[in-house]
Amino acid sequence: MPQDHTAQALETEELVPPAEPHAAHDTKKVETQADLSAEIQAIGNRYAQAVKDGKGPETMPRLDYAPYRSSILRHPTKSLHHADPETIELYSPAFGHQDVHALESDLTIQHNGEPQGERIIVAGRVLDGDGRPVAGQLVEIWQANASGRYIHKRDQHPAPLDPNFTGVGRCITGADGSYSFTTIKPGAYPWKNHLNAWRPAHIHFSMFGSEFTQRIVTQMYFPGDQLFPLDPIYQSIVDQDARDRLVAQYDHELTSPEWALGYKWDIILTGSKRTWTENEAYGDAGDEE
Amino acid sequence: MSKLAPTPGQTVGPFYGYALPFNMDNELLAPGSPGSIRLQGTVYDGAGNTIPDAILEIWQPDSEGNIVQRTGSLVRDGYTFTGWGRGAVGNSGVYTFTTVNPGPLKAGAAPFISVAVFARGLMNRLFTRVYLPENEEALANDPLLSSLDPERRKTLIARRDPDGGLTWDIRLQGGDETVFLDFQQDGSLDLASGDQATP
């Protein structure tokens, strides 16, 4: 399991660059949240107008989203080139219980003591664009601890590390595409995109679909976060409905009495291209159709 | 069946390093074992600087062109070829994989390795392919390569190293920007042009 050697590996990690480049701050006046919010607002307004003029809704983040300063030199400037997937791209690598131990889905039991913070359960299903469950596939998560600190040397935020929390989990989806993690609610944390920049609390998710074309890495957020309008990464998805798809819902049915609060979040992968056999399409759980 | 709206991607961020890498993640087979080759390259940004915080995944058929559906990528036994690997770049932006030359998916097809690119500052993963440089005829007939002009086409073809390995660099932006792929063609991914007026 990854957590056993992580702490030592970090101690010996070679020199690493700072979390964000400072160049933007060196050559001009310090950029404030007000500056960034004005940019975010302007892009949002232009998108709203485009939709009003008949443009279809955008479902993905903008690759070119200047308010996230690190994206400026890291986005393709040419249009993505349409390609019909070849057969290898219509399959996904296979993962199974050889790869992931069942206990890796509980991030609160990886050390000798209980981690600090609010214990939560995050659960949901991984589905393809037609609603078919993605069974037996790998889900990976990583996150900051309750005080907003990652166990990563590049995170220099002066908030306490928690010796009982690494913040890494994995699981394999069930026959119905379901996943479930027990963890600690992560804290918000500051970053250096601009002066007084704070990321809303989030959990990083990595998922495989039934096809390599469905590969996704994203971030799950918590409902009602006041930092949403201020965050260039969340706002890089310019469509409100699309942004909302990254926000988990509090679910009292999922809450475990006297133990942990429950959050539900389903992941919908991009549509599949493959012609499915009946067994693959309906999985073990069957289907009403 | 009605299509459900897809969940948006987000950047992998700067802190994946203690979570996504795992032991032998970039060794699809053991270095030095028969048939093994090194695939390596450097990831660059639009200013030509190397990117020290990118992570790649490769997915490929075996040397016969068979698509492998075997588990065990995360806990490698040193013998099972799973076809999938993950490799974070080092501080100088260089990645390496140990793998095999992929075989053609069908007779006469140009063999390639499928690649997903993740990086801090990259809002969503990018897909691309790296083709083996041999067999000009197969390359000329490849549906993707033949749809590209020569300057762009060459960004998808690896160089063969003297030791039998492959070198292939990735440029996220610029004149010699790598060709990145959209498999969906539903309009939702046509976002590279960013915040511009409706075409």
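Strand β4(A) is a good place to start in this predicted model. Five of the five residues of β4(A) are buried, so the strand is largely enclosed by the rest of the structure. The covering extends to both faces of β4(A). On one side lie Val168(A), Arg170(A) and Ile172(A), and on the other Gly169(A) and Cys171(A), all of them buried.

The surroundings of this strand come next. β4(A) belongs to an open sheet of four strands in chain A, where the order is β4-β3-β8-β9 and the pairing is antiparallel. The edges of the sheet are taken by β4 (168-172) and β9 (216-221) of chain A; each has a single partner strand, so one side of each is left without a neighbour in the sheet. On average, neighbouring strands of this sheet are turned by 20° against each other, direction ignored.

The partner of β4(A) can be followed residue by residue. Strand β3 of chain A, residues 138-143, pairs with β4(A) in the antiparallel sense over five bridges. Leu138(A) has Ile172(A) as its bridge partner in β4(A), while Val139(A) stands opposite Cys171(A). Both of these partners in β4(A), Ile172(A) and Cys171(A), are among the buried residues described above, and they lie on opposite sides of the strand.

Val139(A) also leads into the interior of the model. The largest nonpolar core has 107 residues, and Val139(A) is one of those with the most contacts inside it. The others in this group are Val122(A) and Val126(A) from chain A, together with Ala54(B), Val117(B), Phe118(B) and Val130(B) from chain B. The largest share of this core, six residues, is contributed by β5(B). For Val117(B), the residues touched, leaving out those up to four places away in sequence, are Ala54(B), Leu56(B), Arg125(B), Leu126(B), Thr128(B) and Ile170(B).

The two chains meet over an interface in which 73 residues of chain B are in contact with 81 residues of chain A. On the chain B side, the elements that give two or more residues are β5 (112-119) and β10 (181-182). Of these, β5(B) supplies the largest share, four residues. By class, the side of chain B that touches chain A has 38 nonpolar, 26 polar and nine charged residues. Strand pairing also crosses between the chains: two bridges join β1 of chain A, residues 81-82, to β10(B), and these strands run parallel. Here His82(A) has Asp182(B) as its bridge partner.

Chain A as a whole completes the picture. It contains six helices and 12 strands, and 45% of its 289 residues count as buried. Among contacts in chain A with a separation of 6 or more, 76% are between residues 24 or more positions apart.

The confidence of the prediction varies along the chain. The mean pLDDT of chain A is 88, with 84% of its residues reaching 70 or more. In residues 1-25 of chain A, however, the pLDDT is below 50, and this stretch has 33 contacts in the model beyond near neighbours in sequence. Residues 281-289 of chain A also have a pLDDT below 50, with 11 such contacts in the model.

Conventions. Residues numbered from 1 in each chain as written. Chains lettered and ligands numbered in written order. Predicted model: local features only at pLDDT ≥ 70, side-chain atom pairs only at ≥ 80, totals over all residues. Contact = placed C-beta atoms within 7 Å. Nonpolar A, V, L, I, M, F, W, Y, C, P; charged D, E, K, R; others polar. Pairing = 2+ DSSP bridges. Axes fitted to C-alpha atoms, helices over the stretch in contact; angles between N-to-C directions. Core = buried A, V, L, I, M, F, W, Y, C linked by C-beta atoms within 7 Å. Buried ≥ 20, exposed ≤ 12 C-beta atoms within 10 Å, placed from the backbone. pLDDT = per-residue confidence, 0-100.
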